[in-house]
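Work through the exercises below with the structure open. Try each task before you read its solution.

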Amino acid sequence: MRISVKELNKLLSEEILKKITSLGEICMNAGLQCYLVGGTVRDVILKVPQIDIDIVTEGNDKLFKDVSKKLIIKKIAFSQFNTAKLLFKDGFSLDIAQARKEIYPYPTSLPVVRRSSIHEDVKRRDFTINTLLMGITKKDFGKIYDYLGGIEDIEKGIIRALHKNSFIDDPTRIFRAFRFKERFSFRFDRETKNLMDNSIKAGYIKKLTPQRIRRELFLSLKEANWDKIIMNLSRSGVLKELGIKQKMTRSSITTFMRIIRNFNVTNQNWELSKLLIITENAQKKDIKAFSQKVGLRRNEVSILLELRRNGKIIVKTLSKKDLPNNKIYWLLEKIPIEGLFYLLGKGTPLSRKRIMLYFNNLKDIKINIKGDDLKKLGIKGGPIYKKILQKVLDEKLNGELKSKKEEIEFVKRIIYKPSQL
Ligand code: CTP
């Protein structure tokens, strides 16, 4: 199989193609092989426009130096696995790796790597669909090299592991498998599914470091089909391994998806909301265990625990008939947007209306006076300042104060009636 330049032009920008071509030339002049590899080639075949470019070469450190001299490169960053990230002046970056073999000293460890041939390099990979190479030198530009049946599996839509220890050596591949399955609507090869199930049952996931589990789980939550992936993680027992014993149901996910579809809130990945959904029926101690295993940050854990403890009470309070704006504000003020949108899915029509009032209006209300203004009024500094300013905000939230002058008048009134503070 050969991919034509015309076809590649549709998937890769001209600038990227130029860089890849120059890289191929440098390698060919040095007498070294050089290919696009892995997910990059898979996506070319599936006609997914490219962002991530991975290149593999049998070259050595000298080649990397040549490359950085001959291409206009801003920075070259080497990593522990004989790989380098080339950062170009225009901000584009690509990964270039020396072909390698991996040996796992013990299951789930990071691999020890040895230089090897390109052929060996594809054998260390996760699934057949990720083992393809595409030539980028003049003599083989666009030619696909398929040593392990990757093209057939892509065409049939099958996720197939390369060997029986794949999910034991590296259980992150379990998450990867679910991601690829749902992203491309593929299915698992039967033997591969058995190998995954066995690795899950044998508890290999727990042996991964929290950082690695976090990375995989968050990548899964960022996928367009995150809902299906979470359901898979639940059904297959992965979430149980991470401390969440209850099987998930689809209803919370569906409600949440409906809510975010209705709002045009950009720059939001909603990972925290999705974690709230995952943990919503779990007990406090299970949420703590999950948080530890997944390497959640302190602020993330505290919101999971806070909404578990008070979510129902908050929604109940927000559903009360007469609730002034300042009460709504102080109830919701510490909850991040992802928590608010999660609560939207849990409440009554009235509580939803009030969350929206907070989100669209109350949260941005600020008072005009500051500590300095209180000083000018002759009020002695101390904790009383905070109390006064909060009182002014309460009043403003309830629609009583329209200007800085009115705020100052209000302060004058209350400082002569300390019982109001
Ligand atoms: N790889 C692997 N085992 C892993 C991670 C990566 O074998 N645990 C190999 C695969 O060949 C993969 C390549 O390294 O295609 C690049 O990895 P990465 O960039 O993480 O994955 P992609 O396949 O490009 O997936 P995505 O599209 O999600 O970035």
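**Exercise 1.** In this predicted model, find how strand 2 and strand 5 pair, and over how many bridges.

*Solution.* Locate strand 2 at residues 54–57 and strand 5 at residues 93–98. The two strands run in the parallel sense, and four bridges join them. For a landmark, take Asp 54: Asp 95 in strand 5 stands opposite.

**Exercise 2.** Identify the strands that pair with strand 1, and give the sense of each pairing.

*Solution.* Start from strand 1, residues 34–37. Strand 2 pairs with strand 1 in the antiparallel sense, over three bridges. Now check bridge partners in strand 2. Cys 34 has Thr 57, and Tyr 35 has Val 56. Then turn to strand 8, residues 133–135. Strand 8 also pairs with strand 1 in the antiparallel sense, again over three bridges. Here Val 37 has Leu 133 as its bridge partner.

**Exercise 3.** Sort the residues of strand 1 by the way they point, and decide whether they are buried or exposed.

*Solution.* Recall the rule: side chains in a regular strand alternate between the two faces of the sheet. Apply it to strand 1. Cys 34 and Leu 36 point one way. Tyr 35 and Val 37 point the other way. All four residues are buried.

**Exercise 4.** Write down the strand order of the open sheet, and state which strands stand at its edges.

*Solution.* The sheet has seven strands, in the order 3-4-5-2-1-8-9. Its pairing is mixed. The parallel pairing of strands 2 and 5 and the antiparallel pairing of strands 1 and 2 are both part of the picture. Strand 3 (73–79) and strand 9 (144–145) are at the edges. Each has a single partner strand, so one side of each has no neighbour in the sheet.

**Exercise 5.** Describe how helix 16 and helix 18 cross, and which residues meet there.

*Solution.* Take helix 16 at residues 298–318 and helix 18 at residues 337–344. Their axes come within 11 Å and cross at roughly 55 degrees. The helices are therefore oblique to each other. The crossing is right-handed. From helix 16 come Leu 307, Gly 311, Ile 314 and Val 315. Helix 18 meets them with Gly 339, Tyr 342 and Leu 343. By class, this contact has five nonpolar, two polar and no charged residues.

**Exercise 6.** Place Lys 19 and Asn 368 in the fold, and decide whether each is buried or partly exposed.

*Solution.* Lys 19 sits in helix 2, residues 14–29. Its relative accessibility is 10%, so Lys 19 counts as buried; the cut-off is under 20%. Beyond its neighbours within four places in sequence, Lys 19 contacts Phe 88, Asp 90 and Phe 92.

Asn 368 lies in the loop between helix 19 (349–360) and helix 20 (371–376). Its relative accessibility is 36%, so Asn 368 counts as partly exposed. Residues up to four places away aside, Asn 368 touches Asp 373, Lys 396, Ser 403, Lys 404 and Glu 407. Lys 404 is 36 residues from Asn 368 along the chain, yet their C-alpha atoms are separated by 5.5 Å.

Methods: Residues are numbered from 1 along each chain as its sequence is written. This is a predicted model: local features need pLDDT of at least 70, side-chain atom pairs count only at pLDDT 80 or more; totals for chains, interfaces and linings use all residues. Side-chain values use heavy atoms; hydrogens and water are left out. Buried means under 20% relative accessible area, exposed over 50%, partly exposed in between (1.4 Å probe, protein chains only). Two strands pair if DSSP finds at least two bridges between them. Contact means heavy atoms within 4.5 Å. Axes are lines fitted to C-alpha atoms, for helices over the stretch in contact, and angles run from 0 to 180 degrees between N-to-C directions. Angles under 35 degrees count as roughly parallel, over 145 as roughly antiparallel, 65 to 115 as roughly perpendicular and the rest as oblique. A crossing is left-handed if the near helix is turned anticlockwise from the far one by less than a right angle, and right-handed if clockwise. Ala, Val, Leu, Ile, Met, Phe, Trp, Tyr, Cys and Pro count as nonpolar, Asp, Glu, Lys and Arg as charged, and the others, Gly among them, as polar.
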